[in-house]
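Reader: I have a new model on my screen and would love some help reading it. Could we go through a few features together?

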Amino acid sequence: MSRGRKFGALGAAAALVLLAGGCAAGTHPGAAAVVGKTEISVGDVDKTSRAVSAALGQPFATSVTLSELVNNALVKEVREQRSVSVSDAEAAAAAKLVVRDATAYAKFEADPVAREFLLNVASTAVATIKLGGGTGVNGTQAEVQAAQRAGLTVLKDAAKNITVDVSPRFGKWTDGAIDGTVSGSLSDESAQAKAKREAAENAAKQQQQQPQG
């Protein structure tokens, strides 16, 4: 089954909202990012990337993983500010819409790290819908999408005062993404992001190969 068929209407393009927050003073040693009062460690990014890659059966880049984790942390902060709750049952129902391929879903469920990541993605989707006036993933597709769009507006406004800082190892948080690496699919890195990443890597290699004066 092609990778595009593994995800339903609440896949990353609809479920995740990468928001541009304010600037923080910087990350601590060992931190991949700091989002408001939440710190995301390099170890968390690496183990999540490995777990999701195994569940998908294809590479899931650490830069994309970090973008998703930053987004989840941002939405969690907004949820707390607005007193929006998402139950375990609501998250579980949304998770089945995020990953509709039965084989992939079973792999996510079997791995604690991948399962937690998926449930956080699903919780973010539900929270976005609720912030937009919806009740969750129930309802017609048009109703859910309308609530998501309204939720995006609420989230973008609320996130303006939430600080976000990303370790230079992963790139820079700009316009709601880490160097534009999120393509709108849970399993893909955009061509533009890939080209930018490869150019940066090549430049770094060339600099390292230059003789030291």
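Reader: Let me start with one residue: is D46 buried, partly exposed or exposed?

Author: Happy to help, and please keep in mind that this is a predicted model. To place a residue, look at its relative accessibility: under 20% is buried and over 50% is exposed, with partly exposed in between. D46 comes out at 22%, so it counts as partly exposed.

Reader: Which residue forms a salt bridge with D46?

Author: For a salt bridge, look for a side-chain nitrogen of Lys or Arg within 4 Å of a carboxyl oxygen of Asp or Glu. Here the partner is R169, and the closest N and O atoms are 3.9 Å apart. R169 sits in the loop between β4 and β5 (173–174), while D46 belongs to helix α2, so this pair ties together parts that are 123 residues apart in sequence. R169 itself is exposed, at 55% relative accessibility.

Reader: How many salt bridges does a search of the whole structure find?

Author: The search finds 6. One of them joins K47 to D44, with 3.6 Å between the closest N and O atoms. These two are 3 residues apart in helix α2, which means that about one helical turn separates them. Both partners are partly exposed: K47 has a relative accessible area of 39%, and D44 has 31%.

Reader: And what distance, N to O, goes with the salt bridge of E109 and R115?

Author: Their side chains meet at 3.3 Å. E109 is partly exposed at 33% relative accessibility, and R115 is partly exposed too, at 36%. Salt bridges can also link up into a network, as happens with K37, E77 and E80.

Reader: Let's turn inward. Why look for nonpolar side chains in groups?

Author: Because in soluble globular proteins, nonpolar side chains tend to be buried together. In this model, the largest nonpolar core has 50 residues, and V35, L66, V70 and F108 have the most contacts inside it. Several elements each supply at least two residues of this core, including β2 (31–35), α3 (62–82), α5 (102–110) and β4 (163–166). The most comes from α6, with 10 residues.

Reader: Loops puzzle me. Where does V137 lie, and is V137 buried or exposed?

Author: A loop is best checked residue by residue. V137 lies in the loop between α6 (112–131) and α7 (141–158). At 19% relative accessibility, V137 counts as buried, because the cut-off is under 20%. Its C-alpha atom is 10.0 Å from that of A127, a residue 10 positions away along the chain.

Reader: What stands out about the phi of S83?

Author: For backbone angles, check the sign of phi and the residue type. Phi of S83 is near 55 degrees, a positive value in a residue other than glycine. S83 is found in the loop between α3 and α4, and with a relative accessible area of 68% this serine is exposed.

Reader: Now the wide view, please: how many helices and strands does the protein chain have?

Author: There are 8 helices and 6 strands, and along the sequence they follow the pattern α-β-β-β-α-α-α-α-α-α-β-β-β-α. Of the chain's 213 residues, 45% count as buried. Among contacts with a separation of 6 or more, 72% are between residues 24 or more positions apart. As for the surface, the chain exposes about 10,800 Å², with carbon and sulfur atoms supplying 49% of it.

Terms used: Residues numbered from 1 in each chain as written. Predicted model: local features only at pLDDT ≥ 70, side-chain atom pairs only at ≥ 80, totals over all residues. Heavy atoms only, no water. Helix = DSSP H or I, 4+ residues; strand = E, 2+ residues; numbered from the N terminus. Buried < 20%, exposed > 50% of the residue type's maximum accessible area, 1.4 Å probe, protein only. Core = buried A, V, L, I, M, F, W, Y, C linked by side-chain atoms within 4.5 Å. Contact = heavy atoms within 4.5 Å. Areas by Shrake-Rupley, 256 points an atom, 1.4 Å probe, with all protein chains shown as cover.
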